[in-house]
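Student: Got a minute to go through a model with me? I'd like to talk helices and then sheets.

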Amino acid sequence: MEAAFEHFRLWLAAFLTLGIFSFLYKDNPWYKLSEAIFVGISAGYWFVVLFWDNFFGKFWVGAGDYTMQWLASVFTGGESPSAEGVDLMLWIGAILGFLMLLRLIPKIGWLSRWPLAFIVGATAGLWLINYIASNVMVQVQATMVPLFSTVFGAGFDAGSGVIIGGLVIFLGTFSGLVYFFFSKAHTGAFGTTARVGVFFLMITFGASFGYTVMSRMSLLIGRIDYLLGDWLGMIK
Amino acid sequence: MTTKAKELIAVAAILIFSLIFYLGKTFGWEPTEFSTAVSLLVVILLLASLLWILVLTLQGKLIGRRVVFLYVGIAVAMPLFMKLSQEMPVSPAVQGVYDAVTELEPGSKVLIACDYDPPTAPELQPMAETFIRICFQRDLKIIIMGIWPQGPQQANLALEKILAEPDIAAKNLQYGIDYVNLGFQAGNEFVIQRMGGSFKSMFRTDYGGIPYDELPLVRNVKNFSNIDYCFNLSSGFPGTVEWVQIAVDRYDVELGAGNTAVQAPTVYPYLSSGQLTGLLGGMSGAAEFERAADARVKGTKYMLSQSVSHIVVIAFVLIGNVAFIMSGRKSALKG
């Protein structure tokens, strides 16, 4: 039975992979079927994951179950449940989550703005310092490197590679900043510097594009390796 | 013959071809491997045909887009049959990860955060496997976790593979003592932040449901201060950027990272600023890491396909530009 399931699994994955590839020829029912299965399974998978990990795993285990047991004990006069590991603060999250769903009822849909306001405010407050520290301060510090020495105060001990690297960082940073300075017309020497900045930006975008091509090729290699290796056994 | 009939014949041919090879595999056919001479011949034929397409383009005969797809497919598939291997010099970024992990004392605790899923496995799985192999070879203790749901599952696949290797199997490593998988935790970057205070508050049980306190390896691990090195495998948000911002900059964690090629350019600035000890960028990073660890497996094998396909892409970019210029559209655009 297990072997039969393994055969089925291999063929199903190959069928869907080839179905997606078939779009390269032209749009067709095989592609549409594969795409619909992918979208449907993804939606179902994420629903299950979010339900069990967020709603059940966090809220229900952490507060919901305890609250229900406590209410039952109050109404029936039974023993109160143990509060060990219970975090009643989770109710705030649950209520805010519920308010978000009220968007589905137009008359009281405005209540869904409260959780959104909470998310935006809390996220901005929490991450403002992180971003300034990690993406501004440390990066500015790393850009301010000595041009002709390996460390500050070491004299002229840098090799040609370090000097050229330092000059490229200086020129790239300076001209890039000039390009994004729009309070002055990009003419004359200022305009020339801004144009140099554009070249640096183009090189950056080009490198980024090259990496993206590599990444997409990697995905293709992974699928081809599956088809020729795992499925058909033609390669090691 | 109608187009529909031709298409049906093509599908039937693919099905028959697949059935033959699938049955062959089931009956024990050996995988095909080109000799060096055949491999070189295939590469030469590929380059010659590209040259021929360039000549056709110069003559004004343009090829269809499906030919480009076919060439890319061939460029990716053929190298997988080849014996050839590509020399990959190890870059300082990759060497940084290797040095950081090999300088750890035996028994050191390494946290591996697997924040990726199957679509990016071709790039990140070879990195995970090589990293886990190095850790086990050097008797480091591994704690796995993920803030992507499928990350810990991918880690289990890597663990299963590495634990089956003879030299690692001989060590008789025990789950809970030498390695542990804490599983997935929902909450994105807030999980990292909470881990700075207490691991247990985020992972009450491991992947299989064993309570945190019953796992000898992590019983005394309170937070990041008990971790000697952290390695993040990331393919997007939340990932390396969040690990740097929280774990590194707030809790002084020593962090190395393996990223998809798409993400790598956004992460490189953290490397030059010293916020990362090293970075494996995309498949080339995986191949370099394998070379540094002297274990040339999947990443190295895939890299030949990567290189040949890049040559084909560059060739078609050039051919496309030639066609563009030949067609006179450039002058038309200029008015």
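**Helix packing, then the sheet**

Tutor: Sure. This is a predicted model. In chain A, helix α1 (residues 2–21) packs with helix α2 (residues 29–76) at an angle of about 120 degrees, and their axes are 8 Å apart.

Student: What does that make α1(A) relative to α2(A)?

Tutor: Oblique, because angles over 145 degrees count as roughly antiparallel and 65 to 115 as roughly perpendicular, and the rest are oblique. The crossing of the two, α1(A) and α2(A), is left-handed.

Student: Which residues make the contact?

Tutor: From α1(A), A:Leu16, A:Gly19 and A:Ile20; from α2(A), A:Trp30, A:Tyr31, A:Leu33, A:Ser34 and A:Ile37. Of the residues in this contact of α1(A) with α2(A), six are nonpolar, two are polar and none is charged.

Student: OK, switching to chain B. What's the strand order in the open sheet?

Tutor: β3-β2-β1-β4-β5-β6, six strands with parallel pairing.

Student: Which strands of chain B stand at the edges?

Tutor: β3 (179–184) and β6 (278–281); each has a single partner strand, so one side of each has no neighbour in the sheet. On average, neighbouring strands are turned by 15 degrees against each other, direction ignored.

Student: And which helix packs on β1, β2, β4, β5 and β6 of chain B?

Tutor: That's α5 (residues 121–137) of chain B, whose direction makes about 160 degrees with that of β4(B). Helix α11 (residues 240–251) of chain B lies across β1, β4 and β5 of chain B, at about 170 degrees to β5(B).

Student: How many bridges pair β1 and β2 of chain B?

Tutor: Five, in the parallel sense. B:Leu111 stands opposite B:Ile143 in β2(B).

Note on methods:
Residues are numbered from 1 along each chain as its sequence is written. Chains are lettered from A and ligands numbered from 1 in the order in which they are written. This is a predicted model: local features need pLDDT of at least 70, side-chain atom pairs count only at pLDDT 80 or more; totals for chains, interfaces and linings use all residues. Two strands pair if DSSP finds at least two bridges between them. Helices (H or I, at least four residues) and strands (E, at least two) are DSSP runs, numbered from the N terminus. Axes are lines fitted to C-alpha atoms, for helices over the stretch in contact, and angles run from 0 to 180 degrees between N-to-C directions. Two residues are in contact if their C-beta atoms, placed from the backbone, lie within 7 Å. Angles under 35 degrees count as roughly parallel, over 145 as roughly antiparallel, 65 to 115 as roughly perpendicular and the rest as oblique. A crossing is left-handed if the near helix is turned anticlockwise from the far one by less than a right angle, and right-handed if clockwise. Ala, Val, Leu, Ile, Met, Phe, Trp, Tyr, Cys and Pro count as nonpolar, Asp, Glu, Lys and Arg as charged, and the others, Gly among them, as polar.
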